[in-house]
Amino acid sequence: MTEKLHPIVEKAGREFADGKLERREFLRLAVLLGVAAPAAYGMAGLAAPAMAQGMPKKGGIVRIGMRVQDISNPHTYSWIESANSGRQVLDYLTVTGIDNVTRPSLVQKWEATPDLKTWTLHLRRDVTWRKGRKFTADDAIWNLKRVLDDKTGSSVVGLFKGFILTEFDDGQKDAKGNPRKSVRLWDANAVQKVDDFTVKLNGQSANLSIPESLFHYPLLILSPEDGGKFGVGSDGTGAFELVEHEVGKRSVFTARKDGYWGGGPYIDRFEIIDLGDDAAAQVSALVSKQVDMIYQGAISTLPTIEKLTHIQVNSVDTGYTAVARTHPIKPFDDKRVRQALRYATDNEAVLKGALRGLGKPGEHHHVAPVHPEYADIGYLKRDVAKAKALLAEAGYPNGVDVTIDARPQPDWELLAVQIMVEQWKEAGIRTKINVMPSAQYWENWTKVPFGFTTWAHRPLGTMILGLAYRTGAAWNEANWSNAEFDKLLTEAEGYLDVEKRRAVMAKLERIMLDEGPVVVPVWRAVFNFSDKKIKGYKIHPSIYIDAKDVWIDA
Amino acid sequence: MLRYSAKQLLNMALTLFAVSFLVFALNELSPGDVARKVLGPYASQSQVDYLTVQMGLDRPVLVRYAEYMGKALAGDFGDSVVFRQPVSALMFDRLGNTLLLAAISFAVIVPLSIVLGVLAGMRERGWFDRAVSVFSSMCASIPEFAMGVFLLGIFVVWLGWLPGTSPLRSDTGWSLWMQFVLPVLVVTFYDAGYLIAMVRSSMVEVMRQPYIRTALLKGMSFHGVVRRHALRNALITPFTVILLQLNYLVSGLVVVETLFAYPGFGRLMLEAALTKDIAVIEAGTLIAVSVTMLTQLFGDLGYMALDPRIRV
Amino acid sequence: MTEISHDLAASRLASASLVGAEAADAGPLGKVYSVVTRSPLATVGATILLTWCLLALLAPWVAPYPPNQIDVALVADPHPSAQHWLGVDHLGRDILSRLIWGARTVLTVAPIAVLGAVMLGIFLGLLSGYRGGMIDVVIMRVGDTLLAFPKIILYLIIIAKFGASAFNIIAVITLSSAPIIARIVRGVTLDIKNRDYVAAARMRGESAFFIMFVEILPNARGPLIVDFFLRLGYTTIAIGVLGFLGVGLPPPDPDWGGMVKEAYGMIFVWPHMTIIPSLAISSLVIGANFLATGLREAALDG
């Protein structure tokens, strides 16, 4: 290491040496602050994960069963499935791997100033677009500015708000007649071109996770010549070319003929077949070898898949969950009722019944064991008598009657709800289940008084608490407000030192356990299925699929 | 007959108009969600507002309905919010697939039902009649999903003879016609079970008519009577019923299409309903209603042609 | 879900063969009873239906377990056993108990939906046929418009819009079936309203209500009873299909179609979870169809 380390890395290195910092968090921190991943693994005293299983073989076709969606506007993707189509042709600036460590992609190296306000991105110089042009800083800047423009409608905006984006009153009124807030770059020079292969992000405040944010799935780097649109024949820096795309039916990608800058691809052709949402159709297609992989497995098909000798189940623990969350209205306005709900739940049984044991039991607060700052504050044991007592104390000696809203997909959610409802019944919480189609649920998810809502995996515990439980946050679906919680959360967000953060996190978790608005039954593993002949594939916690890494060994 | 057709076509246009407004109004009771649907649950409200204005969704329902109808009459049915494609392109592709499945099934179901139905009804309560009756009731009583899952278990998992899904591509290791076998089989079992019963009842009724008895008493051979007198009359009632099957075969295949991942019209409509993809629901409903009404019209016309006693 | 075409045609057949063939002596129930005992087909059908009705009625006493009682440990070996005669499902719930309690759901929702359709249809059909004129035109036009919707599409639109609940399912089935019943009743009414005894009743100064319901309606009961049982069968399938498509009755209370839906991904390893509720649906449909066929045959025999 001849280069100078970021001061935070140096400090973290000392803490790590003193045993105060976990390897995983040190690794993540070092890499985010510009240490190359292999070097960071070395500093952490770990062997870099071996990526290859034997020598890759060339040739062949891989078919995956996944929804074939509209993919014409990459910057506004709101589904992982569309991003999984786009990413075969288009690259990201960075890539977060299955080990949660972010690595270079089109950005070869990055540096942050000590105050974390300015980030310098050094682009690769050896990347060409398939149509022959060289990839330069202008391409990167065009894409960054486009996703950060409010009018584009990209969810990337949320990640850069406060950093280089600032909110302002745009003079328009929203539907309710209130002044509407839009966002814009806080400074004309916020995204700055230094030279043809260097871009600077000049922020107004510190941000640690810029490299991770650059891998947010809609931030695919398009050729400016395509004007933000994507489709058959679109230019890209990626490993494949899209040659056929029929929404609802299939997509076909062929390997780039002039070679790919990043290693691979090994297969000649990658196809996506749309099998609909029906889980059993996916099994049928695997059984008759019409597809080699299924994008995401359904729990109801797992017993069958386990019997198929040519198929393997890929799974990884995540911070994915779904929470039974309440609004502060009767009967849930009393924290004792919310506690009763938690005491009445048997998380082990939910995990076993709804996920066939794939994952970990939840702990009724929203910080997962996979999060770096997770604090183990113990496991809440089911106690029906206590739940009944709490209900009686709250003035409901005969129990309560409530309705929970849930959606039918993915199927484990409805299973979990059914299991919990049976458990709650024993404590006198009689619950009706109201199932609505997913689309309808997402129109109402913040409005229903009692609902079961999916929460995706996010790398940091503070991120999820800030999104979902801070007073007034846009996704605070529980309308929950606790001044002490907010104060502690802000404190936690201010610590780079993970041990300090963990200490505060323990307090936050206890508050959630005591009076929080949610039941968190499980941390689920995500899983999918692939033919054993497919090598080089490892499931990503967000189920991102890169066909360039896989090969076939029959 | 010409006047009748003209009147019916006019009726049809009026009904279509009513249906289109009904569906539009039903789906517009809660507007403002379309932009949210396009951008997904994680977009900010200001982004949603931009798109709402951009798509013109902030205008009154009636204005949008008028605009929609204007465009629809010119053949433009708008864009699907979910698929983000012109509805017409999407619809005709899926409809084509469904028609193909329907045509093959029809070609199997109709001859099968007529032959079995006539043979059974010819000798009412004979052993063959009893066997066919029980068989057809059984078939018509097993829901398509149960039959489909059952056949999947046997032919795909256990025997491995047939492909489990029918994405209609011949390059996935199974020929196209193999992909049709299971869907057609499921549709046939369910629908033929019903049609056989219809043909049989009609045949039974005809065979009870006095003129058949008279012909038999006059010493004509049984088969001669059946061929020359009974057959034609016995097929008049089922004729309309048979035509009406086209309805089911166009709109009712949703279960089979879901089960076998068949990219057809029914599945498209199911997904559109679940995602409230208004443009697709609207166009699909209009198509389905037109098919229903056209088959009814043809049914009536054919009925008149077959049975000169009837004047509609 | 072929009822759109099926029931239309079935009704035509039912009315074609039954009007006038009706003996006017015994009450309708007595008539049904005597037919059922004479026709073997009807006997079998009635027995199946009655068995399910009894089981449904006695569910709290005959079901061996609470229908929603979950025992995840049982999933290790869900096959039929001495404790669980028909095995358990993927959450360890006793399938026999769920079938029996599920019979309650099916035998409530389907008959109520069909009865609702029959009542609405009778009312509209009588009104339309007896009054004629504009009322007739309006009722028939609206009915035709509803009939023009393929049923499955009508179901999907309405249930996706208003949500899947027992009430909505009943409402949508009632709405979509009533026009056909109205047609049957209207046909009979047109046929009968000019007969002497109706004219006599009018002369006596009976109210239109009395004439419609007391003088005319009884003539339609033959086709209506046959139609009722046929429709009961198809409605059972329709409810199953809705459950299968994921827009049926909400869990956890057992619904046969929903039971199939929940378990059919596992048919390749645990076929009993799918096949048993499928058989239950089929048996009910067969029962209803046999009874309808038997009644029709008996009526044809005079």
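## Three exercises on strands and helices

In strand β12 of chain A, Gly65(A) has Ile273(A) as its bridge partner. Keep in mind that this is a predicted model.

**Exercise 1.** Find out which strands β1(A) is joined to by bridges, and which way they run.

*Solution.* Start with β12(A), residues 269–273: five bridges join it to β1(A), and the two strands run parallel. Next, look at β13(A), residues 293–294. Two bridges join this strand to β1(A), again parallel. Now go back to Gly65(A): opposite it in β13(A) stands Ile294(A). Finally, check the surroundings. Four of the five residues of β1(A) are buried, so the strand is largely enclosed by the rest of the structure.

**Exercise 2.** Work out how the reach of helix α7(B) fits the expected span, and where the helix bends.

*Solution.* Count the residues: 144–158 makes 15. At 1.5 Å a residue you'd expect 21 Å, and the helix reaches 20 Å from its first C-alpha to its last, which is close. Then follow the axis: there's a bend of about 30° at Leu152(B). Leu152(B) is also among the buried residues, along with Val156(B) and Val157(B). Just past the helix comes Gly160(B), with a positive phi near 70°.

**Exercise 3.** Decide whether helix α7(C) is mostly covered or mostly open.

*Solution.* Take the helix, residues 151–162, and tally the buried ones: 10 of 12, so mostly covered. The buried residues include Lys151(C), Tyr155(C) and Ala160(C). For its reach, you get 16 Å, close to the expected 16 Å. After the helix, Gly163(C) has a positive phi, near 90°.

Notes
Residues are numbered from 1 along each chain as its sequence is written. Chains are lettered from A and ligands numbered from 1 in the order in which they are written. This is a predicted model: local features need pLDDT of at least 70, side-chain atom pairs count only at pLDDT 80 or more; totals for chains, interfaces and linings use all residues. The expected span of a helix is 1.5 Å times one less than its number of residues. A residue is buried if 20 or more other C-beta atoms lie within 10 Å of its own, exposed if 12 or fewer, and partly exposed in between; C-beta atoms are placed from the backbone. Two strands pair if DSSP finds at least two bridges between them. The bend at a residue is the angle between axes fitted to the seven residues ending there and the seven starting there.
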